[in-house]
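Hi everyone, thanks for coming. I'd like to walk you through a structure that you may not have seen before.

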Amino acid sequence: MKTQLIDNFNRKITSLRISVTDRCNFRCFYCMSEGEVEYYDRLEILTFEEIKKLSEIFVGLGVDKIRLTGGEPLIRRDIPRLIRQLAHLFIPRGDLKDLSLTTNGFMLKDLAEELYSAGLKRINVSLDSLNPDKFARLTRRDALHRVLEGLDVAEKCGFSPIKINVVAIRGFTEDEILDFARMARTKPFVVRFIEFMPLDMDNRWGEIKFIPGEEIIDKIDAVYPLEPLDTSQNFYAAKRYRFKDDSGEIGIVSSVSEPFCGSCNRIRLTADGKLRTCLFSLNETDLKSPMRNGVSDEELKRIIIKAVNNKEAGHKIHTTGFVKPKRSMSMIGG
Ligand code: SAM
Ligand code: SF4
């Protein structure tokens, strides 16, 4: 029987997010600064071989869900090769229930087909506005058209599900909530609204206001009646709802207004090889140095188990003692 990763609060850890780069071709204002951003030196970034080796170790410890993220994962050179290697390694063995990737969609137009044939079947695309001008102000790139084209290509390739991640911002994209609901009803996309968290480079949380998930659901429900889906059998960060007329699904990830830390099953590996047991961790565990120094897999396992045991009880956003982590979302891997 596999050793399982179980923390001191009896939470079983089965989901790993791997950041493959801290670089990004967008500059979303709730994530990165507009100007020049300091990135890790390329030699600091885990190689594909290192990512594969650590993934094997995590899967050996019961992880059954891997999501690749970043920065922008699709700008990592040769990313389909990594997907192919992970898919070949884990899918035939039935070790992974889920291999997926989160992207801003800019490169999907060019890469969707290759990613799909490499073995990626599920993607999340971040898209916060359907208005070209607002999209450009938010991401600081005039690229809405290209992202929508990428989504079309991904849909044609057969990706399923395609989830759309929307960070809804008060007074900015508030008026687009129903447009996104219509997108969920007319396209084969699951739209999920995510609350803005204090993980931006510019420290503007508080000034930029998120819209609580419940308010979003009420707004949609008033026009397109919704009913909750039963998610008690599985851990989902998102609360899920279906349209009563059976025309699609909406999710809300209320990390700030209704934290789900008590049942969190996630850990993260940063692009430079640090294990983070919470998005808001103030400490991280270096896996890259011991690995590059040649420690055994058993020793790496021991390091991981010890770090996971000490996974934080939860984030402290609402407490006076809250300390924002040094890394922004793009450097952690959201
Ligand atoms: N670049 C890719 C993308 O945007 O999909 C993957 C990395 S991005 C950091 C992953 C997710 O984190 C995106 O859905 C993005 O909207 C979300 N995100 C970034 N900063 C955030 C913040 N401060 N609060 C909440 N979500 C955030
Ligand atoms: Fe880049 Fe994603 Fe952050 Fe936007 S949210 S700046 S696309 S990493």
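I'll start with the whole chain, then go to the two ligands, and end with a few individual residues.

One thing up front: this is a predicted model. So what have we got overall? The secondary structure of the chain adds up to 10 helices and 12 strands. If you lay the C-alpha trace along its principal axes, the chain spans about 55 × 45 × 45 Å. For 334 residues, you'd expect a compact globule to have a radius of gyration near 20 Å, and the chain comes out at 19 Å, which agrees.

A couple of other numbers on the chain. Of the 334 residues, 54% are buried. The accessible surface is about 15,000 Å², and carbon and sulfur atoms hold 49% of that. And if you take the contacts with a separation of 6 or more, 75% are between residues 24 or more positions apart.

Okay, on to ligand 1. Which residues come nearest to it? There are 17 residues around ligand 1, and the nearest are Tyr-30, Gly-71, Thr-103, Ser-126 and Met-197. Sorted by class, that shell has 6 nonpolar, 9 polar and 2 charged residues.

Let's look at some polar contacts here. Ser-126 puts a polar side-chain atom 2.5 Å from an oxygen atom of ligand 1. Asn-165 also has a polar side-chain atom by an oxygen atom of the ligand, at 3.4 Å. With Met-197 the backbone takes part: one of its polar backbone atoms is 2.8 Å from a nitrogen atom of ligand 1. And how much of ligand 1 does the protein bury? Taken alone, the ligand exposes 540 Å², and the protein buries 95% of that. Two elements give two or more residues to the shell, namely strand S3, residues 98-103, and strand S5, residues 162-167.

Now ligand 2. Around it you'll find Cys-24, Phe-26, Cys-28, Cys-31, Met-32, Gly-71, Asn-104 and Ser-330. Gly-71 is a name you've just heard, as it is also among the residues that come nearest to ligand 1. By class, the shell of ligand 2 has 5 nonpolar residues, 3 polar and no charged.

Next, a residue away from the ligand story: Leu-300, which sits in helix H9, residues 297-309. Is Leu-300 buried or exposed? Leu-300 counts as buried, because its relative accessibility is 0%. Leaving out residues up to four places away in sequence, Leu-300 touches Lys-53, Leu-54, Ile-57, Leu-287, Pro-290, Met-291 and Val-295. Take Leu-54 from that list: Leu-54 and Leu-300 are 246 residues apart in sequence, with their C-alpha atoms 8.6 Å apart in space.

Last, some backbone details. The peptide bond from Ser-160 to Pro-161 is cis, with omega near 0 degrees. Pro-161 belongs to the loop between helix H5, residues 144-157, and S5, and S5 is the strand we met in the shell around ligand 1.

Then there are two positive phi values outside glycine. Asn-10 has phi near 65 degrees, and you'll find Asn-10 in the segment before strand S1, residues 15-19. For Asp-246, phi is about 70 degrees; this residue is in the loop between strand S8, residues 239-243, and strand S9, residues 249-253. Asn-10 counts as exposed because its relative accessible area is 64%, and Asp-246 is exposed too, at 60%.

That's my tour, thanks for listening!

Methods:
Residues are numbered from 1 along each chain as its sequence is written. Chains are lettered from A and ligands numbered from 1 in the order in which they are written. This is a predicted model: local features need pLDDT of at least 70, side-chain atom pairs count only at pLDDT 80 or more; totals for chains, interfaces and linings use all residues. Side-chain values use heavy atoms; hydrogens and water are left out. A residue is near a molecule or strand if one of its heavy atoms lies within 4 Å of it. A polar contact is a pair of N or O atoms within 3.5 Å; within protein, one must be able to donate a hydrogen and the other to accept it, and residues adjacent in sequence count only if both atoms are side-chain atoms. Accessible areas come from the Shrake-Rupley method with a 1.4 Å probe; for residues, only the protein chains shown count as cover. Helices (H or I, at least four residues) and strands (E, at least two) are DSSP runs, numbered from the N terminus. Ala, Val, Leu, Ile, Met, Phe, Trp, Tyr, Cys and Pro count as nonpolar, Asp, Glu, Lys and Arg as charged, and the others, Gly among them, as polar. The radius of gyration is taken over C-alpha atoms; the globule rule is 2.2 Å times the number of residues to the power 0.38. Buried means under 20% relative accessible area, exposed over 50%, partly exposed in between (1.4 Å probe, protein chains only). Contact means heavy atoms within 4.5 Å.
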